[in-house]
Every structure is written in structure tokens, then in C-alpha cells.
Amino acid sequence: MPMETCRPMSPLAACLDAARAQTDALFAVLDPEALYQRPVVDRHRLIFYLGHLEAFDWNLVCRGTLEQPSFHETFDKLFAFGIDPEPGGAPADQASDWPAEREVRAYSARTRQAFDNAATRVPEQLLHVAIEHRLMHAETLAYLFHNLPYEWKRGPAPAESTAPAPANQMVEIPKGTAVLGKPRGDGFGWDNEFDAHSVSVPRFQIARFKISNGEYLDYVRSGARPPHFWRQQDGQWWLRGMFGEIPLPLDWPVYVTHSEASAYARWRGGSLPTEAQFHRAAEGASPVNANFERWDPVSVNFPGGTSRYGVEQLLGNGWEWTSTVFGPFPGFEPFPFYRGYSADFFDGNHFVMKGGSPRTAACMLRPSFRNWFRPDYRYVYAGFRITHTV
Ligand SMILES: [Fe+2]
């Protein structure tokens with residue numbers, strides 16, 4: 001369901017309610033049997049997330065900050081953190097290792113109630129953390145659900161498109177200054193968004209549209225591996241949408257890994273934009289196909305959201321990979337209550353993604369927001385566009 005935008009004046013408690021409604025609705029999409037599946041090998045079984053969304057808020061606020069006593073230490077620990085293993089380090093637990101859904105739901109209901117009882121004493125910054133943490137999971141859970149067999153979830157069939165891929169011109173971005181990050185004292189941001197700083201960016205060219213399935217198909221026909229979201233049958237290409245398969249829509253953005261995006265860009269004689277180049281190209285951009293409006297993409301030339309330089313869809317319809325390795329901005333300080341949120345990923349093995357996907361909440365479409373994944377994580381709703389130096 002599309003989500004009401006959390007405006008600065010609306011009470012944070014209402015935003016948390018809306019975020020909870022979003023994740024509750026998401027779990028309602030599933031057949032109960034699916035809860036014990038692990039649709040993505042590098043992530044936990046889905047039952048983990050049913051407990052995690054509440055355990056995180058409880059551990060952070062009620063236990064961590066307000067020092068309330070635990071009523072279920074085992075679950076507090078079991079559901080505390082997700083995983084992002086090194087390649088080859090996928091977990092090996094069995095479905096039977098996890099508690100019953102009934103027990104997890106009882107724990108979740110009790111922790112949610114405890115959080116609400118304490119709500120007036122919760123620092124504003126922690127409320128933002130709870131809200132955005134939950135909304136990030138609303139998105140990453142969709143990636144996991146995407147990989148379940150269709151009989152285990154219910155939702156709207158994807159729209160089909162028979163339009164050809166539009167011609168994708170290069171747009172010139174003049175030399176200028178990109179402002180990355182967020183000034184302190186200017187509203188909520190995660191630790192990795194600080195400090196704001198300016199970067200001088202030489203003139204460059206960037207593709208007007210995200211790279212489309214049609215453009216990428218030429219590359220696959222030249223021998224490249226097809227993306228995770230595609231399937232070939234009897235010589236026809238299909239796209240695996242969230243709730244059904246459709247003939248490959250050539251005018252939709254292709255979703256690929258960072259490695260695939262980089263290789264494609266090289267094949268075209270270009271490269272991926274840096275984080276600073278993305279900021280330059282995205283000046284003045286507004287959202288398109290984001291904030292849970294749809295489950296699947298729309299055409300790369302779906303109108304709206306054009307940036308100041310005429311570049312389309314830099315906020316929504318699929319994250320965009322950059323060539324920038326995820327790292328701290330000058331002046332970075334980890335949140336004392338969540339030290340590992342970003343710092344655990346400053347390992348040279350994660351790349352910055354910018355923009356947003358159809359399942360990214362409105363509050364995280366702010367220009368300073370940074371997302372990151374491993375270069376071969378293939379489940380994320382992320383595409384790319386190419387740049388040329390001039
Ligand atoms: Fe989490």
C-alpha cells in the first residue's frame with residue numbers, strides 16, 4: 001500500500017504507526033508456511049524478521065536506553081541482528097531451529113506494547129532510528145519475498161509493457177560542486193550521512209535514462225550472463241516480477257549486481273558514476289515510482305522527477321549503483337547506541353547505491369541518504385546508468 005509521507009510537522013509516533021502498518025501488511029502477503037523459508041541463501045529465514053522488527057526497537061530503546069529489564073533474553077538475542085555473510089558463509093540453520101510463529105508473535109506484541117508505553121520518554125533521534133530501520137526492512141523484505149515461489153504470496157500481477165527501449169542519450173553535466181552529506185542540526189540522518197562537505201566534480205556525461213532491459217539484452221546476446229530477475233524459456237525472455245512473470249519489458253530498468261553493472265559500463269566504453277557525480281546529476285530531481293506505490297518498476301521514460309540537467313528518475317524506480325566504495329565522510333562518528341550500523345561495513349567490500357526503489361519509503365529519498373551492498377548481491381532492486389568523461 002502506498003504510504004503517507006511523514007511530513008516534518010507530523011508526530012513521530014504517527015510515523016511509527018504508519019511504518020508498522022507497512023510491515024504488518026507485508027507479512028500478510030505471505031502464506032504462513034513461507035515464514036520458515038529462506039528465500040535468499042545469504043539471509044535469515046523469514047521468521048527471523050517477524051521477531052527482529054520488534055526486538056530491534058525493544059533492544060535499542062527499552063533495554064538499551066531506558067534500561068528496562070528483559071522478559072525474554074533468549075529472543076532479545078536471537079532476533080537482535082540480521083546477517084550479511086562473506087561469500088560462501090551462508091547460514092546452515094534448519095527451520096526446526098526457530099521458535100513457533102505463535103511464540104514469536106506473542107513476543108512481538110509484548111515488546112511493541114512496552115515500546116508504546118515508554119513512547120513519551122523515547123528520544124526523538126531514537127524514534128527516527130526505529131522508524132527508518134523498520135522501513136528499510138520493509139524494502140529488503142520485499143527483496144526476500146521476491147524470491148519465494150508465487151504460490152506462497154498473494155498480490156497484484158505486474159503490469160506488462162510491450163514498448164521498445166527508448167533511445168538513451170548522454171547528457172552533459174557541467175563542472176561544479178556536489179554537496180554530499182547532511183549538516184549537523186538539520187534533521188535526522190544516519191551516522192554515515194555526516195558531515196556535509198563539498199566535492200568539486202569535473203564536467204562529465206551521464207545517460208539520460210537508467211539502463212533498460214532492452215539495452216542490457218544486447219549485452220546478454222553478446223554472451224554476458226543474464227540478470228537474476230530474468231528467465232529464458234523456449235527462446236523467450238521473461239521478467240520475474242514480485243507476484244508473477246511477464247514477457248521481458250524492454251523499456252523497464254534492468255536490475256543487476258554491481259559487478260554486472262560495472263562490466264556493462266566497460267563494455268560500452270564508460271564507467272559507473274561516482275557518488276559525487278550522482279549528486280551532481282541528481283540536483284533538483286524529485287521522486288518517481290517510490291514510497292510503496294508499486295511492487296515493480298515502470299518504464300525508464302515514465303514522466304516526472306527530471307533533474308535540473310535533464311536526467312530522468314534519479315530518485316526512485318530502482319537504486320543506482322555507484323563506483324564509490326562505502327566509507328565514512330570526513331567527521332564521521334558512529335551513533336553511540338548503534339556503533340556498527342555503518343562502521344561494520346567500511347570494509348572495502350560494499351558499494352554505495354543512491355536514489356531509491358519502488359519499495360523505498362519517502363523519508364529515505366533525501367539526497368544525503370546512502371545505501372550499500374556487496375558487489376555480487378543479486379537480490380536488490382538496483383540498476384545503474386553509465387558515465388563518460390569528457
Ligand atoms: Fe535490522
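Me: When do two strands count as paired in this predicted model?
Reply: The model is predicted. Two strands pair if DSSP finds a minimum number of bridges between them. That number is at least two.

Me: Which residue in β9 does Glu 320 stand opposite?
Reply: Start with the strands. β8 covers residues 319-325 and β9 covers residues 351-354. Three bridges join them, and they run antiparallel. Opposite Glu 320 in β9 stands Lys 354.

Me: Which strands are the edge strands of the open sheet?
Reply: Four strands form this sheet, with mixed pairing. Their order is β10-β9-β8-β11. An edge strand here pairs on one side only. The edge strands are β10 (371-373) and β11 (382-383).

Me: Which residue in the hairpin of β5 and β6 takes a positive phi?
Reply: Strand β5 spans residues 230-233, and β6 spans residues 236-240. Four bridges join these antiparallel strands, and Arg 231 stands opposite Trp 238 in β6. Two residues lie between the strands. The one with a positive phi, near 50°, is Asp 234.

Me: Which residues coordinate the iron ion?
Reply: Look for the donor atoms. Each is an NE2 atom, at 2.1 to 2.2 Å. In sequence the donor residues follow the spacing H-x80-H-x3-H. They are His 52, His 133 and His 137.

Me: In which helix do both His 133 and His 137 lie?
Reply: These two residues are four apart, about one turn of the helix. Both are buried. The helix runs over residues 124-146 and is α5.

Me: Is Asn 291 buried or exposed?
Reply: Asn 291 lies in the loop between α8 (275-281) and β8. Its relative accessible area is 9%. Buried means under 20%. Therefore Asn 291 is buried.

Me: Which residue's backbone nitrogen does the side chain of Asn 291 reach?
Reply: Follow the side chain of Asn 291 to a backbone nitrogen. The distance is 3.0 Å. That nitrogen belongs to Ala 362.

Me: Which element gives the most to the largest nonpolar core?
Reply: This core has 95 residues. Among the members that touch the most others are Phe 27, Phe 145 and Trp 321. One element gives 13 residues, the most of any. That element is α5.

Me: How many residues are in the other core, which lies apart from the largest one?
Reply: This other core includes Leu 180, Ala 282, Ala 285 and Val 311. Its residue count is 16.

Technical notes. Residues numbered from 1 in each chain as written. Predicted model: local features only at pLDDT ≥ 70, side-chain atom pairs only at ≥ 80, totals over all residues. Heavy atoms only, no water. Donors = N, O, S within 2.8 Å, 3.2 Å for Na, K, Ca; no water. Buried < 20%, exposed > 50% of the residue type's maximum accessible area, 1.4 Å probe, protein only. Polar contact = N/O pair within 3.5 Å; in protein donor to acceptor, adjacent residues only side chain to side chain. Core = buried A, V, L, I, M, F, W, Y, C linked by side-chain atoms within 4.5 Å.
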